Amino acid sequence: MNFKLSISLVFTVLLLNPGFSQEKSSKPNVLLIMVDDLKPNLGAYGDTLAISPNIDQLASEGIRFNNAYSNQAVCGPSRYNILFGSRSTSTGLYNFGKEFRDVYPDAVSLPQYFMNAGYHTESMGKVFHIGHGNTNDEASWSIPHFKEKVIEYVDPESTGRELTREEAFFENTRLYYEDAPPNHELPRGAAWESPDVLDDAYADARVANHAIDRLRKLKENPEQPFFMAVGFARPHLPFSVPKKYWDLYDPKNMPMPEYEKAPDGSPDFTKKRGHEMSQFFPVPQKQDVYDDDLKRKLIHGYYASISYMDNQLGKVMDELKRLELDENTIIVLWGDHGWHLGDHAIWTKHTNFEQANHIPLIFKVPGTTEPGSATNQFAESVDVYPTLANLAGLQKPDVPQPLDGIDLTPVLKDASKEIKDHAYHAFPMGGYLGEAIRTEQYRMIRWTPMQDNGKEILYELYDYKNDPKETKNIADEKQNVVSEMAEILEQYPKAKKRS
């Protein structure tokens, strides 16, 4: 056998041996899809009204977590929860206007951890919360972040051609312009609009287009693994999406709220009213229960926004498959928190109730997750960090900030596996910090005064087996259950006060 033929045969054997294949030896890519204000109102989660074929398709290819929860139901802190793996109760970051690195200067974010391991990292759309005094984290990305709008209008009548309150919040006008007027002095923008325009008149389509362009560019260098975070803004207010997505739904079929009172026996300060929703017209600024026409319009807008976002997500998924990158890409779909649609006469988020905290979470891990599987295992936003690190074959993260999550990989491999029996989340209201434990049947909330002012600790307990709409706080009636769940709560470090 001559020397050239011998070398050729050896090379052929190496290529045919799975242990030496390029796909086997290369690190997996990561595509993290982050969706603003998305509750599990999706076909994959059993919502028969929602038109969400692309998310449903993703769920059919991966594993769906039925019991996933945010660690705090507000955009900025919730994104810190997933991107730094730290609960708000560990950092004291419960509100806007405080950067994570002001508290932990040397913290290593999830994408930064991948970048340190040799990954190319980049982001587009709403990933970190930019606005309300917060900015992007440049240390997390290999190239500059592709920023897009969250508050956006096409119809001039939606703004009167003036800068609106919420636009000013998300553009950080008070942060960048000393002479900017106070946001509350600015006009309110419309809560919805539905012009007959192309998809890319709004940000989510432009984000999807940018993601597609970047995937094509990254395909040119297959030896370089990437971590890409794609953030979609809808269904965040305003419900500004093209008319064709509104036309997908019959307004008469909207699921109207069934229980529009505060739960019997709940603390008065948990009766959230107004806030974010009242920043938009024609929403009344001082009214507990809206009229049916307004409720129906808002719910219609939420569903239309989901379908618009889903279509943009589908374009990215289709391109990933066309480029044959899906065969070696871990995909995670995550909603940053839930959303109230009039239940308890509450709209948006900012509570410890079920509707504000229950989130969609879907993993697709080639070679690991069983297509179309689902699990009732509890999961939290902070669990995504250690899970992705393990799935990528990286060392167990050893980082300066608290890393509160657990690795969900055993569940991804076996949907019947149980590795914890509850979720933990928190939200501050009315001078109290509410820490919640959610089990299969109950949610217990302990409200601790955030200042030493002589106020007593308060408790809420809800039974989802017998009272799924949270109509009655039964803490006084079932003190034994409260005690048992309080013991679970005591297993966690003492919550930090607001930073």
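# Exercises on a predicted model

In this predicted model, pLDDT stays under 50 over residues 1-25, and the model has eight contacts beyond four places in sequence for that stretch.

**Exercise 1. Determine where confidence in the chain is lowest and where it is highest.**

Solution. Begin with the chain as a whole: its average pLDDT is 93, and 95% of the residues score at least 70. Next, turn to the elements. The lowest confidence belongs to helix H2 (residues 22-25), with a mean of 38; the highest belongs to strand S6 (residues 226-232), at 99. Finally, apply this to reading the model: where pLDDT is low, the predicted coordinates should not be read in detail.

**Exercise 2. Establish how many residues of helix H4 (residues 75-84) are buried, and against which elements they pack.**

Solution. First, count: ten of the ten residues of H4 are buried, among them Cys75, Tyr80 and Phe84. Second, list the packing partners of these buried residues: strand S1 (29-35), helix H5 (88-91), helix H6 (100-103), helix H7 (110-116), strand S9 (329-335) and helix H14 (384-391). Third, follow the chain onward. Just after H4, glycine 85 has a positive phi of about 70°, and arginine 87 is placed in the loop between H4 and H5.

**Exercise 3. Decide whether arginine 87 is buried or exposed, and name its contacts.**

Solution. Buried means under 20% relative accessible area. The relative accessibility of arginine 87 is 8%, so arginine 87 counts as buried. Leaving aside neighbours within four places in sequence, arginine 87 is in contact with Asn71, Asn81, Glu380, Val382, Asp404, Tyr424 and Tyr492.

**Exercise 4. Identify the residues of the largest nonpolar core that touch the most other members, and the element that supplies its largest share.**

Solution. The core has 63 residues, of which Leu31, Ile33, Met228, Phe232 and Leu298 touch the most other members. At least two residues of this core come from each of S1, helix H3 (53-61), helix H10 (203-219), S6, helix H11 (243-246), helix H12 (292-322) and S9. H12 gives the largest share, 13 residues. Another core, of 43 residues, lies apart from it and includes Phe65, Val108, Tyr113 and Leu388. As an example of a residue in the largest core, take methionine 228: beyond its neighbours within four places in sequence, its contacts include Leu31, Glu122 and Arg214.

**Exercise 5. Locate the partners of the salt bridges formed by arginine 79, arginine 214 and arginine 206.**

Solution. The structure holds 31 salt bridges.

- Arginine 79 pairs with aspartate 336, their closest N and O atoms being 3.1 Å apart. The pair links distant parts of the chain, 257 residues apart: helix H4 and the loop between S9 and strand S10 (340-341). Both arginine 79 and aspartate 336 are buried.
- Arginine 214 pairs with glutamate 122, at 2.8 Å between the closest N and O atoms. Arginine 214 lies in helix H10 and glutamate 122 in strand S3 (residues 120-125), so the bridge ties together parts 92 residues apart in sequence. Arginine 214 and glutamate 122 are both buried.
- Arginine 206 pairs with glutamate 152, the closest N and O atoms being 2.7 Å apart. Here, helix H10 holds arginine 206 and the loop between S3 and helix H8 (165-171) holds glutamate 152, so parts 54 residues apart in sequence are tied together. Arginine 206 is partly exposed, at 23% relative accessible area, whereas glutamate 152 is buried, at 6%.

As a last step, consider shared partners: Asp36, Arg79, Lys126 and Asp336 are joined into one network by salt bridges.

Methods:
Residues numbered from 1 in each chain as written. Predicted model: local features only at pLDDT ≥ 70, side-chain atom pairs only at ≥ 80, totals over all residues. Heavy atoms only, no water. Buried < 20%, exposed > 50% of the residue type's maximum accessible area, 1.4 Å probe, protein only. Helix = DSSP H or I, 4+ residues; strand = E, 2+ residues; numbered from the N terminus. Contact = heavy atoms within 4.5 Å. pLDDT = per-residue confidence, 0-100. Core = buried A, V, L, I, M, F, W, Y, C linked by side-chain atoms within 4.5 Å. Salt bridge = Lys/Arg side-chain N within 4 Å of Asp/Glu carboxyl O.
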